Amino acid sequence: MKVFIAGATGRVAHELILQLSKKGCEVVAGARVPEKVQIDNVKAVHVDLCASAKELADVIRGFDAVYFVAGSRGKNLLQVDAFGAVKLMQACEINGIKRFILLSSIFADEPEKWVDPALVNIMDYNIAKFFADQWLIRNTNLDYTIIQPGNLQEIKASGKVNLHVEEKSVPNAIGNVAMVLAEVLEASNTFGKIIKMSDGNEDISTAVKEY
């Protein structure tokens with residue numbers, strides 16, 4: 001598959017690109033500063049998530065699937081994390097690209113859980129993610145999967161997860177999140193689903209297959 005990654009300089013994106021490349025995908029890394037994407041044999045292109053949907057459509061023409069794993073780190077939540085995601089969805093629809101995978105945040109669509117001590121300090125971020133998630137669910141016909149991990153940590157990835165988190169936010173190894181994102185790419189059983197994940201005890205391939 002030919003896959004486009006929006007937000008390619010992020011921590012999750014770096015690991016995701018490596019995972020998709022291992023699977024034999026042709027990966028193109030989209031970033032505001034493409035020179036910062038330093039991964040062998042991966043093409044990097046300029047993408048500005050503040051551009052119009054039509055302009056973004058010109059960038060992603062010809063792809064089989066698109067990932068949105070971008071984030072402004074709190075600096076531009078409305079333009080990038082919220083509306084940037086929406087415009088990328090619209091760009092997919094302009095081009096007839098059906099597969100769209102969105103990296104979100106645990107319980108982003110359940111505001112009543114934002115009082116969790118692990119989430120209360122990122123409420124504005126979750127509001128942006130709520131907007132993007134809900135637009136994807138309610139206003140598109142894309143074959144989407146939304147991945148909602150808890151707090152991301154730079155720890156060794158175990159390759160084992162829980163994809164049915166219900167009660168509280170639990171930390172996630174960045175590598176585990178990237179592996180789940182890569183694994184769902186062609187998993188049609190995850191289409192139209194929100195996957196709330198944390199590190200856990202089930203092998204990722206099995207967990208996705210049985211989701």
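1. In this predicted model, M123 counts as partly exposed, because its relative accessibility is 32%. M123 lies in helix α4, which covers residues 123–139. Together with V120 and I127, M123 forms a nonpolar patch on the surface. The accessible area of these three residues together is about 220 Å².

2. A second surface patch carries positive charge and is formed by R32, K36, R73 and K75. Of these residues, R73 is found in the loop between β4 (65–68) and α3 (77–95). R73 is classed as exposed because its relative accessible area is 69%, where exposed means over 50%.

3. The backbone of R73 also deserves attention. Most residues other than glycine have a negative phi. R73, however, has a positive phi of about 55° although it is not a glycine. R73 therefore joins an exposed side-chain environment, at 69% relative accessibility, with a positive phi and a place in the loop between β4 and α3.

4. N41 likewise is not a glycine and has a positive phi, of about 65°. The place of N41 is in the loop between β2 and β3 (43–46). N41 counts as exposed, since its relative accessibility is 83%. A reader who inspects the backbone may view N41 and R73 together, as each has a positive phi without being a glycine.

5. Is V66 buried or exposed? V66 is buried, because its relative accessible area is 0%, and buried means under 20%. V66 is found in strand β4. Leaving aside neighbours within four places in sequence, V66 is in contact with F4, I60, L88, C92, I97, R99, F100 and I101. In addition, the C-alpha atoms of V66 and I5 are separated by 6.1 Å, while the two residues are 61 residues apart along the chain.

6. Q19 is a further buried residue, with a relative accessible area of 18%. Its place is in helix α1, made up of residues 11–22. When residues up to four places away in sequence are not counted, Q19 touches A178, M179 and A182.

7. How many salt bridges does a search of the whole structure find? The search finds seven. In general terms, side chains of opposite charge can pair when their charged atoms come close. One of the pairs is formed by the side chains of E154 and R11, with an N to O distance of 3.5 Å. E154 lies in the loop between β7 (152–153) and β8 (160–162) and R11 in helix α1, so this pair ties together parts that are 143 residues apart in sequence. The two partners fall into separate accessibility classes: E154 is exposed, with a relative accessible area of 63%, whereas R11 is partly exposed, with a relative accessible area of 37%.

8. Another salt bridge brings together the side chains of E183 and K23, at 3.2 Å from N to O. Because E183 lies in helix α5 (residues 174–183) and K23 in the loop between α1 and β2 (26–31), the pair ties together parts that are 160 residues apart in sequence. E183 is partly exposed, with a relative accessible area of 26%. K23 is also partly exposed, with a relative accessible area of 45%.

9. D203 forms a salt bridge with K160, and the closest N and O atoms of the pair are 2.7 Å apart. Distant parts of the chain are linked by this pair: D203 is in strand β11 (residues 202–203) and K160 in strand β8, 43 residues apart. D203 counts as partly exposed at 37% relative accessibility, and K160 counts as partly exposed at 32%.

10. Salt bridges also link E110, K113, E166 and K196 in a network. These four residues may be displayed together when the charged side chains are examined.

Technical notes:
Residues numbered from 1 in each chain as written. Predicted model: local features only at pLDDT ≥ 70, side-chain atom pairs only at ≥ 80, totals over all residues. Heavy atoms only, no water. Patch = residues over 30% accessible without salt bridge, like charges linked within 9 Å, V, L, I, M, F, W, Y side chains within 5 Å. Areas by Shrake-Rupley, 256 points an atom, 1.4 Å probe, with all protein chains shown as cover. Lys, Arg positive; Asp, Glu negative; His and termini not counted. Charge placed at Lys NZ, Arg CZ, Asp CG, Glu CD. Helix = DSSP H or I, 4+ residues; strand = E, 2+ residues; numbered from the N terminus. Buried < 20%, exposed > 50% of the residue type's maximum accessible area, 1.4 Å probe, protein only. Contact = heavy atoms within 4.5 Å.
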